[in-house]
Amino acid sequence: MSQVTFYLMNEQDDQQGSACERLACQLTADGWNTGHIYLFCADEAQAMRLDELLWQLPPDRFVPHQLQGETGQAPVEIGCQPPKRRYACLINLAGQTPLFAGHFAQVVDFVPTDETQKQQARERYKHYRQAGHALEMRDQPALAAPDPAQP
């Protein structure tokens, strides 16, 4: 079974976008070189936002990535459909539990501050537990400040 880590978010969304999306990019930048990562999004618009956020990281935090359906074998893929390749880690940004979560050694999920999204996270937690995954909760780490040199 997978190791599922939930991050308890303490930041609300702001003009820079979703705190969960920013943390997902930070975790991806920290971990892509230790195992391939699949960022599972709610929809194509969110996938495009994550793609853009990853391009905005400072040069020393570059993450080789691609959108689902693009040619290539980048170690990080972003999409809103089940992945066609195997990855070590799934970062779930969708509102529901991915049916394919058990195919990953590690799953990352989030508990946002918004009450509706928090209830959805509770349901995902229950699904993961019922499926027999190992669960842990962590507080949100400090988010990296955006690079002022980026537009």
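A disulfide is a pair of cysteine sulfur atoms within 2.5 Å. By that cut-off, this predicted model holds zero disulfides. Take C25. The nearest cysteine sulfur belongs to C41 and is 9.0 Å away, so C25 falls outside the 2.5 Å limit. C41 is in no disulfide either; for C41 the nearest cysteine sulfur is that of C80, 7.0 Å away. Both cysteines are nonetheless buried: C25 has a relative accessibility of 3%, and C41 has a relative accessible area of 1%.

Turn next to the nonpolar interior. The largest nonpolar core has 27 residues. Within this core, L39, I78, I91 and F110 have the most contacts. Helices and strands both feed the core. Two or more residues come from each of α1 (19-31), β2 (37-40), α2 (44-55), β4 (76-79), β5 (89-92) and β6 (106-111). Helix α1 gives the most, with seven residues.

L39 offers a good vantage point. Neighbours within four places in sequence are left aside here. L39 then touches A24 and T28. It is also in contact with L54, and with the run V76, E77, I78 and G79. I91 completes the list. Two of these partners, I78 and I91, are themselves among the residues with the most contacts inside the core.

The model also has a second, separate core. This one has 14 residues, including V4, F40, Y87 and L90.

Now for the charged pairs. The whole structure contains six salt bridges. One of them joins the side chains of D30 and R61, at 2.7 Å from N to O. D30 sits in helix α1, while R61 sits in the loop between α2 and β3 (65-67). The two are 31 residues apart, so this pair links distant parts of the chain. D30 is partly exposed at 45% relative accessibility. R61 is partly exposed too, at 25%.

A further salt bridge connects D109 and R124, whose closest N and O atoms are 2.9 Å apart. D109 lies in strand β6 and R124 in helix α3 (residues 115-130), so the bridge ties together parts that are 15 residues apart in sequence. Here both partners are buried. D109 has a relative accessible area of 0%, and R124 has one of 4%.

R138 and E136 form another bridge, with closest N and O atoms 3.4 Å apart. R138 is partly exposed at 39% relative accessibility. E136 is likewise partly exposed, with a relative accessible area of 26%.

How values were computed. Residues are numbered from 1 along each chain as its sequence is written. This is a predicted model: local features need pLDDT of at least 70, side-chain atom pairs count only at pLDDT 80 or more; totals for chains, interfaces and linings use all residues. Side-chain values use heavy atoms; hydrogens and water are left out. Buried means under 20% relative accessible area, exposed over 50%, partly exposed in between (1.4 Å probe, protein chains only). A nonpolar core is a set of buried Ala, Val, Leu, Ile, Met, Phe, Trp, Tyr and Cys residues joined through side-chain atoms within 4.5 Å. Helices (H or I, at least four residues) and strands (E, at least two) are DSSP runs, numbered from the N terminus. Contact means heavy atoms within 4.5 Å. A salt bridge is a side-chain nitrogen of Lys or Arg within 4 Å of a carboxyl oxygen of Asp or Glu.
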